[in-house]
Structure formats: C-alpha cells, structure tokens
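Student: Could we go through this structure together, step by step, with the reasoning behind each answer spelled out?

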Amino acid sequence: MSTIEKYESVIGLEIHAQLLTVSKMFCRCPNRFGSLPNTQICPICTAQPGALPVINKKAVELGVRAAIALNCQTHLESIFARKNYYYPDLPKGYQITQYEQPFCTKGEVFVRFKNGDEKRIGITRIHFEEDAGKSNHESYGTLVNLNRSGVPLIEIVSEPDMRTAHEAGQYLRTIRGILRYADICDGNMEEGNFRCDANISVRLKGTEKFGTRVELKNINSFRFVEKAIEYEVQRQVLAVEDGEKIIQQTRSWNSAKNITEVMREKENAHDYRYFPEPDLPSLVISVEWLDKIRAEMPELPKQAAERFKKSFELSDYDAAVLTSSKEMAQYFEKVVAESKNGKSSANWVMNELLGRLNAVGKEIESSPVTAGQLSELIVKIDSGQISGKIAKTVFEEMFATGKDASSIITEKGFVQISDPAALENAIRKVIESHPSQTAEYRAGKIKLLGFFVGQVMKETQGQANPALLNELVKKLLDQ
Ligand SMILES: [Zn+2]
C-alpha cells in the first residue's frame with residue numbers, strides 16, 4: 001500500500017450561491033453582473049450613516065426553494081447576525097449573515113457516480129448572507145467596486161461526508177444542477193455567482209478522530225476543484241508522514257502554479273464577534289407561504305431523471321447526466337420530440353455530442369449542433385437514408401461547421417445506396433473476385449457472410465443500406 005493509500009481524506013464544502021433576484025438583499029439596487037463600477041449602489045449598500053436594510057422577499061423565497069430542493073428543514077423563525085471584520089470592499093465593517101439561528105438545517109442530497117453508485121451527502125445548514133464588494137488589484141493600487149455589495153447569497157454548508165476529491169466534485173456539480181434547475185442561482189463560476197470553499201483534513205484509514213482541518217478558498221472553476229483538493233490532501237499526508245503538525249489555516253489555490261498557498265492562519269468564530277443584527281427583525285416565514293412555495297416548486301433534476309428513465313429506458317447514470325442541467329434536459333427532450341426515438345436520441349447526445357462538447361470546453365447551450373439538427377440526422381438514419389456509420393461522419397462535419405445534415409449529405413454525396421440493382425452489381429463483383437471464399441461459403445461455411453457484406457461495404461464506401469445488403473448478399477451467394 002502506498003503512503004497516500006493509508007490515509008483517508010475528510011472533506012466538507014461551503015458553497016456560496018448568488019440568488020437570481022432582480023434586486024439586492026437589503027436595498028433596491030439591481031442585482032446584475034458586468035455594469036460599470038459603482039453604478040449600482042445606494043446609501044444602504046454603501047453603508048451611509050442612518051441607512052436601514054429591508055429584507056428582500058424574493059430572496060427569501062428562493063432560499064426556501066433551495067431548502068425544499070435539498071430536503072432540508074425550514075425554520076419558520078430565524079435571525080440575522082452581524083459578522084464583524086474589516087476589508088476595504090466591506091464599507092459597513094460587518095457583513096449581515098445568519099449565525100446561531102439559520103433559516104434552514106438538516107438536509108441531504110444524493111450524488112450519482114458513473115458506475116451507477118449513489119452516495120448521500122448531509123447538508124448541515126443553509127443561511128442567508130449578503131455579498132461583499134469587489135477589490136480589483138491593479139499595478140497602481142487597489143480599486144473598490146461596490147456593485148456586488150449586498151447581492152443576496154445563500155451559503156450551503158455540507159457535512160464532512162466526502163472522502164475523495166472526485167466525490168466533492170460530483171457533489172458540487174449536483175448542487176449546481178439543482179440550483180440552476182430550480183432557477184435559484186445561475187451557477188456561473190467564472191463570474192463568481194457560484195463559489196466554493198473546501199474544508200479538508202486527513203486521517204489514517206480506520207481511525208475515527210478528525211485531523212486538523214484546512215480551509216481551501218478561491219476554487220473558482222470546476223476544472224480546479226478536484227485538482228486543488230487532491231493537491232491539498234497530498235500535501236497534508238506528506239506533512240503528517242514527515243512528523244509535521246497540520247496547522248489550522250486558510251489556504252488558497254494558485255491555479256498558475258498548481259499548488260495551495262497559505263492565506264492566513266485560521267481565525268476562529270469568536271474573532272468575528274457575531275451578534276444579532278439590531279437593524280432587522282427576525283425573519284418570519286408563515287406556514288401558508290411555505291406551503292405556497294412548496295406547491296409552486298419547479299421540477300427538480302431527480303424528478304426529471306425518473307421521468308426520463310421510465311419514458312426512454314435509460315440507465316440511472318444516463319438519466320442523471322441528461323438532467324444535469326435544465327438546458328441539457330430541454331435539449332434532449334427537443335431531440336426526442338422531433339426524432340421520435342428516445343433510445344437513439346440518448347445515445348447520440350451522451351456518446352457523440354457530450355464527448356465533443358467536453359473536448360472543446362463548451363456547454364450544451366452553445367452546442368454547434370442544435371437539437372433540431374440532431375433530430376434531423378436521427379430521422380435520416382431511421383428512415384434508411386444514411387447508415388449509422390455514415391451518420392457519424394456527417395455528425396462530425398455538423399459539429400465542426402454547424403451545417404445541417406442534409407446539406408452535408410448532398411455536398412459529399414453521402415446518400416445511402418438502397419437501389420437493389422446497384423447493390424447487386426457491387427455484390428457480383430465481390431463474389432467474382434473471391435472465388436475460394438465463395439466456394440467455402442457454398443460448402444457450408446456460412447459465417448463468411450459477414451466477410452462478403454464487409455467487402456461490399458468497403459466497395460461502396462460504407463454507403464450500402466445494411467439491411468438490404470445483407471439480404472442481397474445471402475440471396476446471390478445461395479444461388
Ligand atoms: Zn443599494
């Protein structure tokens with residue numbers, strides 16, 4: 001057993017998700033990304049003296065929606081708290097968050113893996129929070145942009161239930177999928193609308209006691225999540241093996257050097273001097289409102305996956321992939337609706353399209369092949385116009401150029417040969433040029449049939465209609 005295999009990592013994630021509201025958490029400034037710096041601010045989100053916060057009802061509704069989607073307990077009364085710290089992009093000198101009484105606790109989510117396995121990950125709590133502004137460090141100094149100050153967030157804190165970087169990555173993808181599906185958060189990591197910190201410790205396998213944990217920040221892309229966690233686990237194992245003591249600290253991922261670096265020695269909760277926010281009343285959610293939000297819940301990925309599984313005979317994993325985002329599910333449903341072939345649609349999306357999209361780093365919403373174009377291709381295969389083999393070549397061209405299947409087929413002369421006379425000619429030629437195989441076949445070695453079919457396929461550049469070809473080869477050989 002290698003050194004690293006003697007250890008087990010214990011990972012918990014804290015996810016910050018910006019809510020898809022029109023306005024900010026405690027004022028009416030727009031919640032929008034990408035505007036000119038400091039154009040979406042007011043006395044409240046810039047902390048002018050005397051300005052008072054007012055809770056955004058829509059933000060609360062979206063938070064409760066997340067609580068329901070993650071099978072949590074929603075508390076009818078919760079309180080906001082001040083988390084005190086100083087930073088130039090936090091003009092109040094504190095952040096309004098929830099501490100001792102969050103609006104939501106004790107949830108769970110089920111994460112699906114490629115081999116079909118499913119794992120339960122516990123959710124400790126979800127609480128509301130406001131985002132801070134942004135500091136842009138330039139060569140001549142630091143610029144503060146307060147457009148993001150006061151943008152509504154939920155923080156989803158998981159139990160330390162994950163044991164590998166891959167599990168953490170899949171958990172993050174699952175949560176992102178659910179939040180996007182239910183229109184709670186757009187999940188955009190590049191713009192910082194969906195962020196994650198990881199708490200990581202290691203311990204010898206078989207031991208119960210947790211090791212000292214390190215908080216890993218700034219994992220701002222899916223590409224880095226697993227890499228960053230893997231690196232940190234390895235660093236801790238090597239340190240422990242060397243007899244070093246793991247220090248409780250906050251580290252950040254340096255994606256240029258592919259290492260984690262110390263940001264600061266870990267502060268403890270009491271350093272933030274939390275206390276109840278005196279400017280806000282308790283957050284009260286009525287039973288009627290909770291019921292209404294529950295009744296209006298949109299379909300969630302798990303429900304869509306069940307529906308797909310039943311309607312199209314898909315495996316658990318395939319159904320999970322095809323419902324990993326709303327856009328993916330909508331794309332797939334459109335292909336099926338037009339091609340009327342669920343099984344084949346699933347195969348084309350899963351095996352041909354997603355692999356290519358992954359390779360070029362694109363999401364389904366920017367696929368060069370539209371759902372309509374893919375269904376057209378499937379219809380052409382099903383109607384016998386082109387063979388499955390040629391369809392793959394056509395698809396490759398569609399992906400590269402964005403052109404329709406029909407124009408590629410015409411341009412390249414890819415039409416399937418379904419004319420019996422033309423096929424018979426090609427078959428006769430093959431039979432004449434392979435006298436010994438023909439004799440063997442006729443003497444009873446019927447498995448040579450495949451050889452003849454293959455030869456004619458080659459002769460016709462794969463354009464022969466396979467079903468008709470099989471039938472004709474057999475007919476002519478048996479004569
Ligand atoms: Zn404002």
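Student: In this model, which residues have the most contacts inside the largest nonpolar core?

Tutor: The model is a predicted one, and its largest nonpolar core has 64 residues. In general, nonpolar side chains in soluble globular proteins tend to be buried together. Within this core, the residues with the most contacts are Ala17, Ala66, Ala168, Ala198 and Ile229.

Student: Which helix contributes the largest share of this core?

Tutor: Eight residues of the core come from a single helix, which spans residues 165–181. The element that gives this largest share is helix 2.

Student: Leaving aside neighbours within four places in sequence, which residues is Ala168 in contact with?

Tutor: Ala168 is one of the residues with the most contacts inside the largest core, as are Ala198 and Ile229. Once neighbours within four places in sequence are left aside, the contacts of Ala168 are Ile11, Leu13, Met162, Ala198, Val225 and Ile229.

Student: How many residues does the other core have, the one that lies apart?

Tutor: This other core lies apart from the largest one and includes Leu314, Ala346, Trp348 and Ile381. The number of residues in it is 35.

Student: How far apart do the C-alpha centres of domain 1 and domain 3 lie?

Tutor: The protein is divided into domain 1 (4–293), domain 2 (299–412) and domain 3 (420–478). Its C-alpha trace spans about 95 × 55 × 50 Å along the principal axes, and its radius of gyration is 29 Å, where a compact globule of 479 residues would have one near 23 Å. Between the C-alpha centres of domain 1 and domain 3 the separation is 65 Å.

Student: Why are the buried residues of helix 12 on the same side of the helix, and what arc do they cover?

Tutor: Helix 12 runs over residues 420–433 and reaches 20 Å from its first C-alpha to its last, close to the 20 Å expected at 1.5 Å a residue. Its buried residues are Leu423, Ala426, Ile427 and Val430. An α-helix has 3.6 residues a turn, so residues three or four places apart point the same way. The buried residues of helix 12 are on the same side because the arc they cover around the axis is only 100 degrees.

Student: Which exposed residues does the opposite face of helix 12 carry, the one turned away from its buried side?

Tutor: What covers the buried residues of helix 12 includes helix 14 (449–459) and helix 15 (466–478). On the face turned away from that buried side, the exposed residues are Ala421, Asn425 and Glu432.

Technical notes. Residues are numbered from 1 along each chain as its sequence is written. This is a predicted model: local features need pLDDT of at least 70, side-chain atom pairs count only at pLDDT 80 or more; totals for chains, interfaces and linings use all residues. Helices (H or I, at least four residues) and strands (E, at least two) are DSSP runs, numbered from the N terminus. The expected span of a helix is 1.5 Å times one less than its number of residues. A residue is buried if 20 or more other C-beta atoms lie within 10 Å of its own, exposed if 12 or fewer, and partly exposed in between; C-beta atoms are placed from the backbone. The arc is that of the directions from the helix axis to the C-beta atoms. Two residues are in contact if their C-beta atoms, placed from the backbone, lie within 7 Å. The radius of gyration is taken over C-alpha atoms; the globule rule is 2.2 Å times the number of residues to the power 0.38. A nonpolar core is a set of buried Ala, Val, Leu, Ile, Met, Phe, Trp, Tyr and Cys residues joined through C-beta atoms within 7 Å. Domain bounds come from an automatic or database domain assignment.
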